[in-house]
Amino acid sequence: MSDVINKLVPMSCQELSKSNIQKNQHIKEMLNSSLKVDSLKIANSDEMKALFDILTDEEKVYFLNRSYKDVVYWRRGFCSVHLHLSKNGTVEMSECMDTVIPGISNEDLEGKNIKEVVKIIKEKGIIIPKDSELTKAIQDYNNLNYQKEEILNCAMY
């Protein structure tokens, strides 16, 4: 079963699950602090608790709360243009994005979700580069959350 899941999960999560979790104190702390069965919206949490009790640490990694990358770049190779994001995708700081989006200051983007920033860019008629990490960050975050929810759905059935 692990092999099937590993093929479906993006590389970053595969690398995490293949790492030696027993020796990685940071991952062990994340598993202990952020993986609360009660926080998962599950009808019968006793059954799910029993399921989580039999999972290995490597399998529990799939149920960690997901977060956005800390920094996403407008275009690789142009490191000066980027956004600093919170775990939930809120722009904490914008650097040089005002050179990409005419009429918008860096401060205007701060506090907005990355999805809102992408929408602003598109509304201005600006083409987002294919190698932009902005859209990839949104896609990765959505995919990981979708996978987590679908694994839970499968377990419920």
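This passage walks through a small sheet, the helix lying across it, one loop proline and the cysteines of a predicted model.

The sheet is a good place to begin. It is open and built from 3 strands, arranged in the order β1-β2-β3 with antiparallel pairing. At its edges lie β1, which covers residues 71-73, and β3, each of them pairing on one side only. Ignoring direction, neighbouring strands of this sheet are turned against each other by 20° on average. Looking at one pairing in detail, β1 and strand β2 (residues 82-85) run antiparallel and are joined by 3 bridges. Among the residues involved, Y73 has H82 in β2 as its bridge partner. A helix also meets these strands: α8, spanning residues 133-156, lies across β1 and β2, and runs at about 130° to β1.

Following the chain beyond β3 leads to P102. This proline sits in the loop between β3 (91-95) and α6 (106-109). P102 counts as exposed because its relative accessible area of 56% is over the 50% cut-off. Even so, P102 has contacts with residues further along the sequence: leaving aside residues up to four places away, P102 touches K124 and I126. Another residue to compare is I121, which lies 19 residues from P102 along the chain; the C-alpha atoms of the two are separated by 9.5 Å.

Finally, the cysteines deserve a look. A search of the whole structure turns up 0 disulfides. C96 has a relative accessible area of 31% and is therefore partly exposed, while C154 is exposed, with a relative accessibility of 59%.

Definitions and conventions
Residues numbered from 1 in each chain as written. Predicted model: local features only at pLDDT ≥ 70, side-chain atom pairs only at ≥ 80, totals over all residues. Heavy atoms only, no water. Helix = DSSP H or I, 4+ residues; strand = E, 2+ residues; numbered from the N terminus. Buried < 20%, exposed > 50% of the residue type's maximum accessible area, 1.4 Å probe, protein only. Contact = heavy atoms within 4.5 Å. Disulfide = S-S within 2.5 Å. Pairing = 2+ DSSP bridges. Axes fitted to C-alpha atoms, helices over the stretch in contact; angles between N-to-C directions.
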